[in-house]
Structures are given as structure tokens and as C-alpha cells.
Amino acid sequence: FEPLPGPRAKLARVTRGRSEIYDCALGSSAGEGELHLASRADSSSLLPLGARQKAIFGMQEAGVLRVPVRRLDTCLSPPLRRPALLKIDVQGFELEVLKGASGLLHDIDAVYVEASDIELYVGQALADEVVQLLASHGFQLAGRFNTQLHQGQPIQGDLLFRTG
């Protein structure tokens, strides 16, 4: 799932047609959204860049792009091939993606998600909310990786969850 045309084209080249690539963003409901383009493309989000994101990482918003938004559980149909890993890196929109995957979570064995400890995007859910939502679906936190610090405090990192 890649809503940005440039990264989507690169993904298509790298996978050489062996993967289905959806040209949309993911969220809790279908429709359209404004993708806030960051001065670093890998930091673009369906949420506006927050003051801390701009200050800590030296970024600015470079524009907006209207993109289609879909629920993951309407794009994929169970049963999924096992083992199934859901990897999410959506710049502050993690909780919305998980809500839109609720119909599939029972078929997923592990979730690997980048989550923030502080607000980097306006209105984003923080890591504790992601942990709570996944726990309510039977997932347990199995590890934390790639923690980024700012002035000695954690600001974001990758969380690994497993069922059971």
C-alpha cells in the first residue's frame, strides 16, 4: 500500500511485478484524505506535521496530495496465508490503520509497527494507545526496536506484537 506515486513506482521496480501494490493509503474508513507531504518524503502523513516533528527533524510541509483511503480488511480477504505479518509505518496514523484492519487481526500472527511516544503529528495516537488496541485483540508486546531518542528521551520506535 503506497499512496505516493514516486515511492510506489520504485516499489514496483524493486518487486518486479511479483507483488500487488495498492495505490492508496490505509485508514479506519474508506474515502479520500489529504496526504501532508513532508520535506522528507518518508515522513509524509495523513496527519499534519506537528511542531515537535518540525523542530526535532528539521522538516516542513511541502504540500498536500489528495489520495484514496481504504480499510485494510476490505482490501484483503481471510483466510490469509500463514504466518501473516502486518508491518505498519504510517507516520502517526497507526491506530487508524489498525482500526481498519479489525476484520483481519484474527488472521495475523504478528504486527510490527512504528509508534511515537510523543506527538510528532497533529492528533496522532501514541504508542500506549496502539499497545491497548492490539492487546484488546489478543496481541502481546514482544519487543521494542530502533528507539529514537531526543535529549535522552524516547520519541518513537518500532514495536513487535505477537498473538497468544
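The following paragraphs go through the strands, the nonpolar core and the largest pocket of a predicted model. Local features need pLDDT of at least 70 and side-chain atom pairs count only at pLDDT 80 or more, while totals for chains, interfaces and linings use all residues. Residues are numbered from 1 along each chain as its sequence is written, and side-chain values use heavy atoms, without hydrogens and water.

Strands are DSSP runs (E, at least two residues) and helices are runs of H or I (at least four residues), both numbered from the N terminus. Strand S7 pairs with S5 and S6; pairing requires at least two DSSP bridges. S5 and S7 run antiparallel, joined by 7 bridges, and here Ala110 stands opposite Arg162. S6 (residues 139-150) is also antiparallel to S7, with 9 bridges; Gln148 stands opposite Gln156. The hairpin of S6 and S7 has 2 residues between the strands, and Gln151 in the turn has a positive phi of about 55°.

The largest nonpolar core (buried Ala, Val, Leu, Ile, Met, Phe, Trp, Tyr and Cys joined through side-chain atoms within 4.5 Å; buried means under 20% relative accessible area with a 1.4 Å probe, protein chains only) has 39 residues. Helix H5 gives the most to this core, 4 residues. Ile108 is among the residues with the most contacts inside the core. Beyond four places in sequence, Ile108 contacts (heavy atoms within 4.5 Å) Leu80, Ala84, Leu86, Phe139 and Thr163.

Strand S4 supplies the largest share of the lining of the largest pocket, 4 residues. A pocket is an open set of points on a 1 Å grid over the protein atoms alone, where a 1.4 Å probe fits, with protein on both sides within 12 Å along at least five of seven lines; lining residues have an atom within 4 Å of a point.

Technical notes:
Buried means under 20% relative accessible area, exposed over 50%, partly exposed in between (1.4 Å probe, protein chains only).
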